[in-house]
Amino acid sequence: MENRNQPLTEALFYILLAVRRPVHGYGIIQEVTEMTGGRVNLGPGTLYGAINSLLERGWIVLYSADPGSRKKKEYVITGAGRAAFTAELERLRELVENGTKMEGGE
């Protein structure tokens, strides 16, 4: 099992956020670009490498596939994926909280 305390890459974080409902690869790319105002642009190689990693970890599953096209696969997050995402969100909140304290001179 994956160590939940290990930080997620930004790509994995946004992919997990994008697959909260079934979505295909190109839809993930579009959603991540939109969420980040264009700051994060996932290339196909990065996306599909990350998808394979998430599938292996059991954090996402294949939701549906068009048998006539290898490009029409939709993915969705699993319970384990939600738990990993939540753990990462808590880690990031702690970073922001502690950084804010430092910035405020506390």
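Before I turn to a loop residue, a word on terms: helices and strands here are DSSP runs, at least four residues for a helix and at least two for a strand, and they are numbered from the N terminus. With that in hand, I can say that Thr 78 sits in the loop between S3 and H4, and I will come back to this residue once the overall picture is in place. Please keep in mind throughout that what we are looking at is a predicted model.

Let me begin with the chain as a whole. There are 4 helices and 3 strands, and, read from the N terminus, their order is α-β-α-α-β-β-α. The C-alpha trace spans about 60 × 35 × 20 Å along its principal axes, and of the 106 residues, 31% count as buried. If we take the contacts between residues at least 6 apart in sequence, 50% of them join residues that are at least 24 apart. The accessible surface comes to about 6800 Å², with 51% of that belonging to carbon and sulfur atoms. As for charge, the chain carries 13 positive and 13 negative charges, and the mean positions of the two sets lie 7 Å apart.

Now to helix H1, residues 10-18. Because 7 of its 9 residues are buried, H1 is largely enclosed by the rest of the structure. The buried ones are Ala 11, Leu 12, Phe 13, Tyr 14, Ile 15, Leu 16 and Ala 18, and what covers them includes strand S1, helix H2, helix H3, strand S2, S3 and H4.

H4, at the other end of the element order, covers residues 79-103, and for its 25 residues, at 1.5 Å a residue, one expects a span of 36 Å, which agrees with the 36 Å between its end C-alpha atoms. Its buried residues are Gly 81, Ala 84, Phe 85 and Glu 88, and they pack against helix H1 and strand S3. It may help to recall that an α-helix has 3.6 residues a turn, so residues three or four places apart point the same way.

That brings me back to Thr 78, in the loop between S3 and H4. Is this residue buried or exposed? Thr 78 has a relative accessible area of 15%, and since buried means under 20%, Thr 78 counts as buried. Its side chain reaches the backbone oxygen of Gly 58 at 2.6 Å. Once neighbours within four places in sequence are left aside, Thr 78 is in contact with Gly 58, Trp 59, Ile 60 and Val 61.

How values were computed. Residues are numbered from 1 along each chain as its sequence is written. This is a predicted model: local features need pLDDT of at least 70, side-chain atom pairs count only at pLDDT 80 or more; totals for chains, interfaces and linings use all residues. Side-chain values use heavy atoms; hydrogens and water are left out. Buried means under 20% relative accessible area, exposed over 50%, partly exposed in between (1.4 Å probe, protein chains only). Contact means heavy atoms within 4.5 Å. Accessible areas come from the Shrake-Rupley method with a 1.4 Å probe; for residues, only the protein chains shown count as cover. Lys and Arg count as positive and Asp and Glu as negative; His and the chain ends are not counted. The place of a charge is taken as NZ of Lys, CZ of Arg, CG of Asp or CD of Glu. The expected span of a helix is 1.5 Å times one less than its number of residues. A polar contact is a pair of N or O atoms within 3.5 Å; within protein, one must be able to donate a hydrogen and the other to accept it, and residues adjacent in sequence count only if both atoms are side-chain atoms.
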